[in-house]
Amino acid sequence: MSNCCTTDGSCHTPAESKTTYKVDGVGSAHCQGVVAKAVGGLDEVTAVEVEIGTGLVTVTTSAEPDEALDALIAKTVDEAGYNFAGRVAA
């Protein structure tokens, strides 16, 4: 990966987008880690935060997420053994 910054210190990075999803069954730090590792391993995802108890998963991507990404995250969460409950309205 190349450095995006120019010699004058300005950066030209793509706009990041944050989307929150609901995942059922995230009741412990272990569950939090499993979901974070699974979703964070996707190429499209640049960062992920998982809340214990609420199951809210905030995913940061380099582009606006679409239905294909939602489906990929759903599949990834399901394969990790958790129930994907969908996108949370902003």
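**Fold, salt bridges and surface charge**

From the N terminus on, the elements of the protein chain follow the order β-α-β-β-α-β. The model is a predicted one. Two helices and four strands make up the count of elements. The protein chain has 90 residues, of which 29% count as buried. Its exposed area is about 5600 Å², and carbon and sulfur atoms supply 53% of that area. Among contacts in the protein chain with a separation of 6 or more, residues 24 or more positions apart account for 60%.

Two positions illustrate the packing. Val23 belongs to strand β1, which spans residues 17-24. Val23 has a relative accessible area of 2% and is therefore buried, the cut-off being under 20%. Leaving aside neighbours within four places in sequence, the contacts of Val23 are Val35, Gly55, Val57, Val77, Tyr82 and Asn83. Val23 and Ala74 are 51 residues apart in sequence. In space, their C-alpha atoms are 9.0 Å apart.

Gln32 is part of helix α1. With a relative accessible area of 26%, Gln32 is partly exposed. Not counting residues up to four places away in sequence, Gln32 touches Val26, Val50 and Ile52. Gln32 is also 8.3 Å from Gly55, C-alpha to C-alpha, across a sequence separation of 23 residues. Gly55 appears among the contacts of Val23 as well.

Side chains of opposite charge can pair when their charged atoms come close. Three salt bridges were counted in the model. One of them joins Arg87 and Asp70, with the closest N and O atoms 2.8 Å apart. This pair links distant parts of the chain. Arg87 lies in strand β4 (residues 83-87), Asp70 in helix α2 (residues 67-79), and 17 residues separate them. The two partners are covered to unlike degrees: Asp70 is buried, at 17% relative accessible area, whereas Arg87 is partly exposed, at 41%.

Another salt bridge is formed by Glu79 and Lys75, whose closest N and O atoms are 3.9 Å apart. The pair qualifies because the limit is 4 Å. Both residues are in helix α2, four residues apart, so about one helical turn separates them. Glu79 counts as exposed, with 61% relative accessibility.

Lys22 and Asp24 also meet through their side chains in a salt bridge, at 3.4 Å from N to O. Strand β1 covers residues 17-24. Lys22 is partly exposed, at a relative accessible area of 28%. Asp24 is partly exposed too, at 36% relative accessibility.

Charge is also grouped at the surface. Asp43, Glu44, Glu64, Asp66 and Glu67 form a negative surface patch. The patch is negative because Asp and Glu count as negative. Asp43, one of its members, sits in the loop between α1 (29-40) and β2 (45-50). The relative accessible area of Asp43 is 76%, so Asp43 counts as exposed. Residues in a patch take part in no salt bridge.

Technical notes. Residues numbered from 1 in each chain as written. Predicted model: local features only at pLDDT ≥ 70, side-chain atom pairs only at ≥ 80, totals over all residues. Heavy atoms only, no water. Buried < 20%, exposed > 50% of the residue type's maximum accessible area, 1.4 Å probe, protein only. Patch = residues over 30% accessible without salt bridge, like charges linked within 9 Å, V, L, I, M, F, W, Y side chains within 5 Å. Areas by Shrake-Rupley, 256 points an atom, 1.4 Å probe, with all protein chains shown as cover. Charge placed at Lys NZ, Arg CZ, Asp CG, Glu CD. Contact = heavy atoms within 4.5 Å.
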